[in-house]
Amino acid sequence: MANPKYKEALMRYEKHLTEISSQEMVLNMGPQHPSTHGVLRLQLITDGEIVKEVVPHLGYLHRCFDKHAESLNYAKTIPFTDRLDYLASMNNSHAFVMGVERMLGLDSKIPKRIEYIRVLVCELNRIASHLIAIGTYGIDIGATTPFLWCFRDREHIMNMLEWASGSRMLYNYIWVGGLFYDLPVGFEERCTEFIAYFKPKLVELDEILTQNQIFISRTAKIGVLPADVAINYGVSGPMLRASGIKWDLRRIDGYSVYPEIDFEIPVGKGEMGTLGDCWDRYKVRVDEVKESVRIVEQCLERLQKDFTRTAEFDPRALVPKKVNLKAQDYYVRAENPKGELGFYFVTKDKSDIPLRVKSRGPSFNNLSVISELGKGVLIADLIAILGSIDIVLGEVDR
């Protein structure tokens, strides 16, 4: 049976479309992959080149994640978490696995080598995700070179994660109680070589866009998101921090070994325009890549000095053959590249199949604010605003 509130909203939306003036038009932007970053349909009410209203239409890429998770045991669900934000698969599985481990009481027993490996691969995946965000954002606005540079450098990270997990994008590497396998011999050394290579490349990437006057004129003072609006819409991640709020779950919740690692939380400052504009959202992601490089360096140092590989080390030693949980409700969250990824579990007594799993994808909440940011802007600026949100439709339509 349809929700009465949904029917009421649908009627209000249809009535609004029939009442537009003769000078206004209804335009469809999408669903196509370029510019709308996936199979997203934006319905625009325009007056000439000015966007009066934006209505996002979702559901073209429905993953059925929640129902999959409710029909499989916890271990078999991990490959499906990879397919939410498929650009940050390691981060997805890390959040899900942490929730199951905490319900089992395993979280305090996980060896430090496993925890540092998890943080290492998650931060490498964060860098790769942000490189996609920065590169595609450049090409949205017309800058081809940064797009090619970002994909070139992301390729090195994908090769390393494929070496570790055996898969190129959907890794299934972080398991409940441990890892699929230890890092390959020589991984730490190759990763160190990549960081040495990547640091100067990151400076070049920063220079070609950050101070570029064309890029600044297309992004500064565009799509300004005030802090109170961001909070009311449930915005999180780089979008929230770009509005000046220093909120990062790696610091706030202090999960895994993040409390042992030194890194800063970049926030927007309105340097080129207004606090919370498109340029700030871009700059926060660039600065986060630099901080992730610092985290990777510290993880590599600890893995090579304090928690080195040994013949006795078994990354699957604590992996349970069956997850037996008491009936409970539990929510776990983690700081993904796009924001707060959360999983809400309702478990059944003595069953390894949950009664309910609800995924809270950051892209969904972040996208919802586009109706607010898109009012009164030029059509061309709407592309800049959407690109600055950095969505993945697999997570929006989970």
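At 10% relative accessibility, Asp182 counts as buried, and this residue makes a convenient place to enter the structure, which is a predicted model. Asp182 forms a salt bridge with Arg309, and the closest N and O atoms of the two are 3.7 Å apart. Arg309, for its part, is partly exposed, with a relative accessible area of 28%. The pair links distant parts of the chain, since Asp182 sits in the loop between β5 (178-179) and α7 (187-210) while Arg309 sits in the loop between α12 (278-305) and β6 (329-336), 127 residues apart.

Other salt bridges can be read in the same manner. By the rule applied here, the count of salt bridges comes to 33, and one of them joins the side chains of Glu24 and Lys52, with 2.9 Å from N to O. This pair, too, links distant parts of the chain: Glu24 belongs to the loop between α1 (4-18) and β1 (25-29), Lys52 belongs to strand β3 (residues 50-57), and their positions lie 28 residues apart in the numbering. Glu24 is buried, its relative accessible area being 17%, whereas Lys52 is partly exposed, at 38%.

A more local arrangement appears in helix α12, where Lys290 and Asp287 both lie, 3 residues apart, which is about one turn of the helix. Their side chains meet in a salt bridge of 3.9 Å, N to O. Lys290 counts as partly exposed because its relative accessibility is 31%, and Asp287 counts as buried because its relative accessibility is 18%, under the 20% limit. Beyond such pairs, salt bridges that share partners join Glu123, Arg126, Arg241, Asp248, Arg250, Glu288 and Glu335 into one network.

Two of the residues in that network, Arg126 and Glu335, lead on to further parts of the fold, beginning with a pair of helices. Two packed helices are described by the angle between their axes and the distance between the axes. For helix α4 (residues 89-104) and helix α5 (residues 112-141), the axes come within 8 Å and cross at roughly 145°. On the side of α4 the contact is made by Ser89, Met90, Asn91, His94, Val97 and Glu101, and on the side of α5 by Glu115, Arg118, Val121, Cys122, Asn125 and Arg126. Taken by character, the residues of this contact divide into 4 nonpolar, 4 polar and 4 charged.

Helix α4 also lies across β6 and β7, running at about 150° to β6, and these strands belong to an open sheet of 3 strands in the order β6-β7-β8, with antiparallel pairing. Within this sheet β6 and β8 (356-360) stand at the edges, each with a single partner strand, so one side of each is left without a neighbour in the sheet. From one strand to the next, the twist of this sheet averages 15°. β6 and strand β7 (residues 339-346) pair in the antiparallel sense over 8 bridges, and Glu335, already met in the salt-bridge network, stands opposite Glu340 in β7.

What part of the chain holds Glu70, and is this residue buried or exposed? Glu70 lies in the loop between α2 (65-69) and α3 (74-81), and it counts as buried because its relative accessibility is 15%. Leaving aside neighbours within four places in sequence, Glu70 is in contact with Ile353, Pro354, Leu355, Arg356 and Val357. Glu70 and Phe345 are 275 residues apart in sequence, and their C-alpha atoms are 9.7 Å apart in space.

Another open sheet is made of 3 strands in the order β1-β2-β3, again with antiparallel pairing. Its edge strands are β1 and β3, each of which pairs on one side only, and the twist averages 25° from one strand to the next. Strand β2 (residues 41-47) and β3 pair in the antiparallel sense over 7 bridges, and the bridge partner of Gln43 in β3 is Val55.

Finally, a record offers a wider view of the chain. According to the UniProt annotation, in an unreviewed entry, the "domain: NADH-quinone oxidoreductase subunit D" covers residues 140-398. In the model, the end C-alpha atoms of residues 140-398 lie 25 Å apart, and the span is 48% helix and 10% strand.

Notes. Residues numbered from 1 in each chain as written. Predicted model: local features only at pLDDT ≥ 70, side-chain atom pairs only at ≥ 80, totals over all residues. Heavy atoms only, no water. Axes fitted to C-alpha atoms, helices over the stretch in contact; angles between N-to-C directions. Helix = DSSP H or I, 4+ residues; strand = E, 2+ residues; numbered from the N terminus. Contact = heavy atoms within 4.5 Å. Nonpolar A, V, L, I, M, F, W, Y, C, P; charged D, E, K, R; others polar. Salt bridge = Lys/Arg side-chain N within 4 Å of Asp/Glu carboxyl O. Buried < 20%, exposed > 50% of the residue type's maximum accessible area, 1.4 Å probe, protein only. Pairing = 2+ DSSP bridges. UniProt positions renumbered as here; feature names shortened; annotations may be inferred.
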